[in-house]
Amino acid sequence: MNYEGMFEVAQHIIQEKRQSRQFICPGDTVCVLLTKSGNFYAGTNCKSMQMGRIFNAHAELQAVQNMLSAGENALSAVMLLDLRTGQPFLPCVQCIGYLMSLNPENYTCQIVLGKDTVTMGDISQSMYSAYSQNAQSMQNQPLMMQNVR
């Protein structure tokens, strides 16, 4: 896999953001997708104000829009880095689910976490298991109601 190429694309975007002197908030991210055909697609998160609330579109969504616009949907790898620190981390549950829904092959897509990788399928199974265990434990507990005044 071309993880070095993904990292170079991400670092280039991070440098551009820093040089532009835009304020980089904690939690701002850059996502780089590597498709099965070997192409890179990148995106950064985008914050906007909607109906008096801050809306944060994840970097994965912008990267996916770029990929879909080019007619691709099969992924080999995903890299998500913090714009401030450059540290890798896992996409959120919703983004993993969305990426997997684009193509059945994406179940085997690698999430790059520095020198380590993990497949989306392994992560989604772990998350589903944790959710199921939590849901089962909640069923055994009495429902507590509070008066709201």
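Start with helices α2 and α3: select both and look at how they pack. Their axes come within 11 Å and cross at roughly 15°, which makes α2 roughly parallel to α3. The crossing is left-handed. To see the contact itself, show side chains for E60, L61, V64 and L68 on α2, and for C95, Y98 and L99 on α3. Keep in mind that you're looking at a predicted model.

Now zoom out for a moment to get your bearings. The protein has four helices and seven strands, and from the N terminus on they run α-β-β-β-β-α-β-α-β-β-α. Colour by accessibility and you'll find that buried residues make up 36% of the 149 residues. If you have a contact map handy, look away from the diagonal: among contacts with a separation of 6 or more, 60% are between residues 24 or more positions apart.

Back to α2, residues 59-69. Select A59, E60, A63, V64 and M67, which are buried. Look down the helix axis: these buried residues fall within an arc of 130°, so they line one face of α2. Flip to the other side and pick Q65 and S69, both exposed. What do the buried residues of α2 pack against? Turn on β1 (29-35), β2 (40-44), β4 (53-57) and β5 (75-82), plus α3, and you have the set. Before leaving, click on G71, just after α2, where phi is positive at about 85°.

Next, centre on E60. Is this glutamate buried or exposed? At 3% relative accessibility it's well under the 20% cut-off, so E60 counts as buried. Now select its surroundings. Leaving aside neighbours within four places in sequence, E60 is in contact with C31, L80, P91, C92 and C95. One of those, C95, also belongs to the α2–α3 contact you opened with.

From C95, move along α3, residues 93-101. Here C95, I96, L99 and M100 are buried. Down the axis of α3, the buried residues fall within an arc of 135°, so they line one face of this helix too. Turned away from that buried side, you'll find the exposed residues Q94 and S101.

Time to select the cysteines. How many disulfides does a search of the whole structure find? The count is zero. C92 is a good place to check this for yourself: put a distance label from its sulfur to the sulfur of C95, the closest cysteine sulfur, and you'll read 3.6 Å. That's too far for a bond, because a disulfide needs the two sulfurs within 2.5 Å. C92 counts as partly exposed, at 23% relative accessibility. For another cysteine, jump to C46, which is partly exposed as well, at 45%.

Last stop: helix α1, residues 3-19. Select Q15 in this helix, which at 36% relative accessibility counts as partly exposed. Then add L83 to the selection. Q15 and L83 are 68 residues apart along the chain, yet their C-alpha atoms are separated by 9.1 Å. Draw that distance as a dashed line, and you have a marker for a pair of residues whose positions in sequence and in space are worth viewing side by side.

Key: Residues are numbered from 1 along each chain as its sequence is written. This is a predicted model: local features need pLDDT of at least 70, side-chain atom pairs count only at pLDDT 80 or more; totals for chains, interfaces and linings use all residues. Side-chain values use heavy atoms; hydrogens and water are left out. Helices (H or I, at least four residues) and strands (E, at least two) are DSSP runs, numbered from the N terminus. Buried means under 20% relative accessible area, exposed over 50%, partly exposed in between (1.4 Å probe, protein chains only). Contact means heavy atoms within 4.5 Å. The arc is that of the directions from the helix axis to the C-beta atoms. Axes are lines fitted to C-alpha atoms, for helices over the stretch in contact, and angles run from 0 to 180 degrees between N-to-C directions. Angles under 35 degrees count as roughly parallel, over 145 as roughly antiparallel, 65 to 115 as roughly perpendicular and the rest as oblique. A crossing is left-handed if the near helix is turned anticlockwise from the far one by less than a right angle, and right-handed if clockwise.
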